[in-house]
Amino acid sequence: VRLVVYAIPQATPAEAEHPTDYVWEEHIRLRGYSLLTPNPASGDIVQLTLFWEALAPIERRYKVFTHLVDGRGNIVGQRDSEPAGGSRPTDTWQPGEIIADNYGLLIPAGTPPGEHTLRIGWYGADDGQRLTVSAGEQALGDSVDLAQIALRSPEAPPPVAALDMEREQQARWGSVQLIGHSLRRLGLEHEPALSFRPGEGTRLVL
C-alpha cells in the first residue's frame, strides 16, 4: 500500500509565463514554462508547467527529470516522469504539437532556506542516457537551469511526524539534540533498503 500526496494547481496556465528556446537533440523544444509557486517554503510543493514542442517525429520514449538543487549541489526535490504524468509519451507526439506538462516537486519538511536552482532535462526511458541540449548554437550539456528559487522558512516548525524519520535516536551535544535519522538509496527514497551495494549513492538525513 502506498499513500501519495500531490498538489493540484488552482488554474492550469494556458501559455508559458517565461518564454524559452531550448532544443534537445533537434527534436524537442522547450517553448517556455510557468512557475506557480515562485516563493515556496520547506514542506511545500513546487508547481511547474513546461510547454514542449515536437520539432520532428520521435520514435523513442523519453523521461523528463526536474530537480531542485541547493547551493551545495544537493538535490532536495526531484520528479522523474514521462510527459503529462505518463499519459503523453514522446513517441505519440506529432510535429508542431504543443504539450503542457505539469510537475510537482515536494520539498521535504525541514529543508534549510536559501537560494535553490530549478534544473530540468531529458533521458532515455529504456537506457537512462541523458539527451544534450542547446540554445541556438550554444551547447549547454545535458540539463538546463530554468530559474532561481528562494526557499523560505515555514511559518511554524514542522511536527516530528512530518519529517519522514526512519529511526528515532537520542543524543545531545550542548544545546543541539539529535532525535533521529533516515538512510536510504539516493533517488529511491520511497523504496527503503536494509543493505546497499558498493558504488551506490545514499541519502542521509539527520
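Okay, let's start with one residue, S81, which touches K63, V64, G86 and Y103 once we set aside residues up to four places away in sequence. Before I go on, remember that what we're looking at is a predicted model. S81 sits in strand β5, which covers residues 75-81. Is S81 buried or exposed? With a relative accessibility of 8%, S81 counts as buried, because the limit for buried is under 20%.

So where does β5 go? It belongs to an open sheet of four strands, and the order is β5-β4-β7-β10, paired antiparallel. β5 and β10, the latter being residues 144-151, are the edge strands, and each of them pairs on one side only. On average, neighbouring strands in this sheet are turned by 20 degrees against each other, if you ignore direction. And for anyone new to sheets, strands pair through backbone hydrogen bonds, either parallel or antiparallel.

Let's go to the middle of that sheet. β4, residues 62-69, and β7, residues 114-124, run antiparallel and are joined by eight bridges. If you want one to find on screen, take Y62, whose bridge partner in β7 is G124.

Now click on T66, which is also in β4. T66 has 0% relative accessibility, so it counts as buried. What does T66 touch, leaving out residues up to four places away in sequence? Its contacts are L48, L50, G77, Q78, R79, D80, Y103, L105, R119 and I120. There's also a distance you can check: the C-alpha atoms of T66 and D145 are 9.9 Å apart, while the two residues are 79 residues apart along the chain.

On to the other open sheet. This one has six strands in the order β6-β3-β2-β1-β8-β9, again with antiparallel pairing. At the edges we find β6, residues 98-106, and β9, residues 138-141; each has a single partner strand, so one side of each has no neighbour in the sheet. From one strand to the next, the twist averages 35 degrees.

How many bridges hold β3 and β6 together? Nine, with β3 being residues 45-54 and the pairing antiparallel. One of the pairs to look for is L48, which has Y103 in β6 as its bridge partner. We've met both of those already: L48 and Y103 are among the residues that T66 touches, and Y103 is also a contact of S81.

Next, the far end of the numbering. β11, residues 167-173, pairs with β12 over five bridges, antiparallel. W173 stands opposite V176 in β12. The hairpin of β11 and β12 has two residues between the strands, and there G174 takes a positive phi near 60 degrees.

β12 also pairs with β13, residues 202-205, in the antiparallel sense over four bridges. In that pairing, L183 has L204 as its bridge partner in β13. L183 is in β12, which spans residues 176-185, and at 31% relative accessibility it counts as partly exposed. Together with F196, L204 and L206, L183 makes a nonpolar surface patch of about 380 Å².

Last topic, salt bridges. The count comes to ten, and I'll walk you through three.

R31 and E53 form one, with the closest N and O atoms 2.9 Å apart. R31 is in β2, residues 28-35, and E53 is in β3, so this pair links parts of the chain 22 residues apart. R31 is partly exposed at 40% relative accessibility, whereas E53 is buried, at 11%. These two also belong to a network of salt bridges that links D21, R29, R31 and E53.

Then there's R61 with E82, where the closest N and O atoms are 2.8 Å apart. R61 lies in the loop between β3 and β4, and E82 in the loop between β5 and β6, so the pair ties together parts 21 residues apart in sequence. R61 counts as partly exposed at 39% relative accessibility, and E82 counts as buried at 12%.

And finally R130 with D142, a salt bridge at 3.4 Å, N to O. R130 is in the loop between β7 and β8, D142 is in the loop between β9 and β10, and they are twelve residues apart. R130 is partly exposed, with a relative accessible area of 33%, and D142 counts as partly exposed at 33% too.

Conventions: Residues are numbered from 1 along each chain as its sequence is written. This is a predicted model: local features need pLDDT of at least 70, side-chain atom pairs count only at pLDDT 80 or more; totals for chains, interfaces and linings use all residues. Side-chain values use heavy atoms; hydrogens and water are left out. Buried means under 20% relative accessible area, exposed over 50%, partly exposed in between (1.4 Å probe, protein chains only). Contact means heavy atoms within 4.5 Å. Two strands pair if DSSP finds at least two bridges between them. Axes are lines fitted to C-alpha atoms, for helices over the stretch in contact, and angles run from 0 to 180 degrees between N-to-C directions. Patches are made of residues with over 30% relative accessible area and no salt bridge: like charges are joined within 9 Å, nonpolar side chains (Val, Leu, Ile, Met, Phe, Trp, Tyr) within 5 Å. Accessible areas come from the Shrake-Rupley method with a 1.4 Å probe; for residues, only the protein chains shown count as cover. A salt bridge is a side-chain nitrogen of Lys or Arg within 4 Å of a carboxyl oxygen of Asp or Glu.
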